[in-house]
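Please look over the sequence and the structure below before reading on. The paragraphs that follow go through a few places on the chain, one after another.

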Amino acid sequence: MKMYLIKLFVLLIPLVTASTIHQDNSSFDSVPSEPKSRFAMLDDVKILANGLLQLGHGLKDFVHKTKGQINDIFQKLNIFDQSFYDLTLQTNEIKKEEKELRRTTSKLQVKNEEVKNMSLELNSKLEGLLEEKILLQQKVGYLEEQLTNLIQSQPEIQEHPEVISLKTFVEQQDNNIKDLLQTVEEQYKQLNQQRSQIKEIENQLRRTGTQELIENSLSSKPRAPRTTPPFKLNETKNTEQNGIPADCSTIYNRGEHTSGTYTIRPRNSHVFNVYCVINSGNPWTMIQHRINGSLNFNETWENYKYGFGEFWLGLEKIYSIVKQSNYSLRIELEDWKNNMYFTEYSFHLGNHETNYKLHLVEIASNIPKALPEQKDLVFSTWDHKAKGYLSCPESYSGGWWWQDVCEENHLNGKYNKPRAKSKPEKRRGICWRAQNGRLYAIKSTKMLIQPADLESFE
């Protein structure tokens, strides 16, 4: 269309020019034809103007279309530029990833070489081990053959005379040791009889008041008056069973005068270890010890029954010891000012069917009374409550002998350091509340037992 208009315009220009020249020439020939040439010129001008108008419209449409095409081209160029920029960014990222992959590949190659070297070393070691295994198998086979030959030829071999004489000597020594043991047992029985006689004499002196005068003359320390224990248990003396002592007093009488861990076997019980404390010639069996907070005493009933850590011996083991005879209980306390206290009781401990019921009578003490006397105290833990007795909540951590107050005199409670807890929390920890109301914050504790016929120490 555009080219058509241009061509038409080009053709019209010569025609209009030629008609104009022709009209000028004809004006000289005849004057009367003047009106006709004027109309002809107007028609040509109209035609030319119409053509030019159409040409202008065509050019205008062409310009509009060209602008639209140019805008489309610019939009496409912008999209292309953005795509090219994005591709450039992606290319840079790909190059970075490629560099990282190359580094990783180089590291993997190095590791691969190391793995190859290790594999070669392992293969060489494995081959060496296989060779050693073969040699060992050969040696074992050779030894088996020699052992078989030795077993087959053993009946024919006679014992060497020196071996026979050595066996005879050992048997004689065994017999001598047995004789010595019998002699020691007889002497021990005699000593026990003498000790019981001395005890009877002491009881007679205590009844007449003479014993009190003797004690005052021998010791300058003030001592609380002793009370005769009301408990009458099995009066049989503790003896060894199959060469194993029954408690620490038996170990001491056997000649062991050093504190430490020993093996005992109470009568009608199994073998277990205890810690024996030897102080001023008196043997004690330790059943409880608290020195710091490293061990959690908030244990279950089963653990309190059979023992745990350093140091709770266990209710069942304590019962197996004290059921043999009359025993004394000694409690040693140390407060945070390093003051030392003690109290001693004659006591009776029941078995598991009674929840290890404890009955106390004080013998001596340098601290105000705290534990209830002449009353049944029942052992309980957070997971085991005795029927008909006070049930203390789990917050009072640790098992103990309770009666009617949870927060009093709890030596197995939580280990609280001074100035760290409030007063109610201190009562739930290790504490000793005297009957006069004074509350002692305890740093360390010991609970020890020994036969009642041994003199306690201070």
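In this predicted model, a positive patch on the surface is made up of K95, K96, K99, R103, K107 and K111. One of these residues, R103, has its place in helix α2, which covers residues 34-153. How exposed or buried is R103? Its relative accessible area is 56%, and because exposed means over 50%, R103 counts as exposed.

Helix α2 also holds L77, which belongs to a patch of another kind. Together with I70, I73 and F74, L77 forms a nonpolar patch on the surface, and these residues have about 370 Å² of accessible area together. L77 has a relative accessibility of 41%, and since this value lies between the limits of 20% for buried and 50% for exposed, L77 is described as partly exposed.

From the patches we turn to the backbone, and to two asparagines that lie in loops between strands. N338 is found in the loop that joins β4, residues 327-335, to β5, residues 340-349, and although N338 is not a glycine, its phi is positive, at about 65°. N355 lies in the loop between β5 and β6, the latter being residues 358-365, and N355, which is not a glycine either, has a positive phi of about 60°.

Which of the words buried, partly exposed and exposed fits each of these asparagines? For N338 the relative accessibility is 48%, so that N338 counts as partly exposed, as the value is not over the 50% that exposed requires. For N355 the relative accessible area is 16%, and because buried means under 20%, N355 is counted as buried.

The last stop is Q435, which has its place in the loop between β9, residues 431-433, and β10, residues 439-451. With a relative accessible area of 55%, Q435 is exposed, because this value is over the cut-off of 50%. Which residues does Q435 contact, once its neighbours within four places in sequence are left aside? They are K369, A370 and L371. For L371, a distance can be added: the C-alpha atoms of Q435 and L371 are separated by 8.3 Å, while the two residues are 64 residues apart along the chain. Q435 is thus a residue that is exposed and that is also in contact with K369, A370 and L371.

Technical notes
Residues numbered from 1 in each chain as written. Predicted model: local features only at pLDDT ≥ 70, side-chain atom pairs only at ≥ 80, totals over all residues. Heavy atoms only, no water. Patch = residues over 30% accessible without salt bridge, like charges linked within 9 Å, V, L, I, M, F, W, Y side chains within 5 Å. Areas by Shrake-Rupley, 256 points an atom, 1.4 Å probe, with all protein chains shown as cover. Salt bridge = Lys/Arg side-chain N within 4 Å of Asp/Glu carboxyl O. Lys, Arg positive; Asp, Glu negative; His and termini not counted. Charge placed at Lys NZ, Arg CZ, Asp CG, Glu CD. Helix = DSSP H or I, 4+ residues; strand = E, 2+ residues; numbered from the N terminus. Buried < 20%, exposed > 50% of the residue type's maximum accessible area, 1.4 Å probe, protein only. Contact = heavy atoms within 4.5 Å.
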